[in-house]
Amino acid sequence: MVQPPPADMTRIWTTVVGGPKKGKTYGLGVNPSSSSSSLMLPDSASISQNTEEMEAMRTKIEELTQHSAVSDAKFAKFEVLFKKHMLQAFEDREDRESDD
C-alpha cells in the first residue's frame, strides 16, 4: 500500500475537515507538526494485519474464481446433455404422434 508523505497527509486532512478553526485543526490539535501527522498513519502492526487480510482476500478470490470456472464447465456439460435429451424426447414424441 502506498502512503503519501506525512506532510501531504496533514494537508489532505486539513482540507477534508475544512481547515483550521481558532488555530486548531480537528483531529490534529494546535499547530499540527509532522509528529502529530504520524498519528494518522497506520502503525506497523496494522499495516501487517492489513497485508495479511489482503493476502487472505486474494487467496479466497482465487479459490472462488477457480470454483466458479469448474462450476461453469459442469453447467455447460449439463446444458449440452439436457438439450440433447430434450431434442431426443421431442423427436420420440413426434415419432409416436406420427405413428398414431
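**Exercise 1. A salt bridge in helix 3**

Glu55 has a relative accessible area of 44% and is partly exposed; identify the residue whose side chain meets that of Glu55 in a salt bridge, and state how far apart the two residues lie in helix 3.

Solution. The model is a predicted one, in which local features need pLDDT of at least 70 and side-chain atom pairs count only at pLDDT 80 or more, whereas totals for chains, interfaces and linings use all residues. Residues are numbered from 1 along each chain as its sequence is written, and side-chain values use heavy atoms, with hydrogens and water left out.

Step 1. The partner is Arg58, whose side chain meets that of Glu55 at 3.8 Å, N to O; a salt bridge here is a side-chain nitrogen of Lys or Arg within 4 Å of a carboxyl oxygen of Asp or Glu.

Step 2. Arg58 is partly exposed as well, at a relative accessible area of 45%, where partly exposed lies between buried (under 20% relative accessible area) and exposed (over 50%), using a 1.4 Å probe and protein chains only.

Step 3. Arg58 and Glu55 are three residues apart in helix 3, which means that about one helical turn separates them. An α-helix has 3.6 residues a turn, so residues three or four places apart point the same way.

**Exercise 2. Further salt bridges**

Determine how many salt bridges the structure holds, and describe the pairs formed by Lys60 and by Lys83.

Solution. Step 1. The structure holds four salt bridges.

Step 2. Lys60 pairs with Glu63 at 3.9 Å, N to O, and both residues lie in helix 3, three residues apart, about one turn of the helix. Glu63 is partly exposed with a relative accessible area of 42%, and Lys60 counts as partly exposed at 46%.

Step 3. Lys83 pairs with Glu79, also at 3.9 Å, N to O, and these two residues of helix 3 are four residues apart, again about one turn. Here Lys83 is exposed, with a relative accessible area of 55%, whereas Glu79 is partly exposed at 34%.

**Exercise 3. Chain and surface**

Set out the order of the elements along the chain, and locate the nonpolar surface patch that includes Phe75.

Solution. Step 1. The chain has three helices and two strands, which run α-β-β-α-α from the N terminus; these are DSSP runs numbered from the N terminus, with helices (H or I) of at least four residues and strands (E) of at least two.

Step 2. Buried residues account for 8% of the 100 residues. The chain exposes about 8,600 Å², of which carbon and sulfur atoms supply 61%, with areas taken from the Shrake-Rupley method with a 1.4 Å probe, where for residues only the protein chains shown count as cover.

Step 3. Phe75, Phe78, Phe82 and Met86 make a nonpolar patch of about 440 Å². Patch residues have over 30% relative accessible area and no salt bridge, with like charges joined within 9 Å and nonpolar side chains (Val, Leu, Ile, Met, Phe, Trp, Tyr) within 5 Å. Phe75 belongs to helix 3, residues 44–99, and counts as exposed at 53% relative accessibility.

**Exercise 4. The surroundings of Thr14**

Establish whether Thr14 is buried or exposed, and describe its contacts and its place in helix 1.

Solution. Step 1. Thr14 lies in helix 1, residues 6–16, and counts as buried at 16% relative accessibility.

Step 2. The side chain of Thr14 reaches the backbone oxygen of Thr10 at 2.7 Å. Leaving aside neighbours within four places in sequence, Thr14 is in contact (heavy atoms within 4.5 Å) with Gly19, Pro20, Thr25 and Leu28.

Step 3. In helix 1, Met9, Thr10 and Thr14 are buried. They cover an arc of only 130° around the axis, which puts them on the same side of helix 1; the arc is that of the directions from the helix axis to the C-beta atoms. On the other side of helix 1, Thr15 and Val16 are exposed.

Key: Polar contact = N/O pair within 3.5 Å; in protein donor to acceptor, adjacent residues only side chain to side chain.
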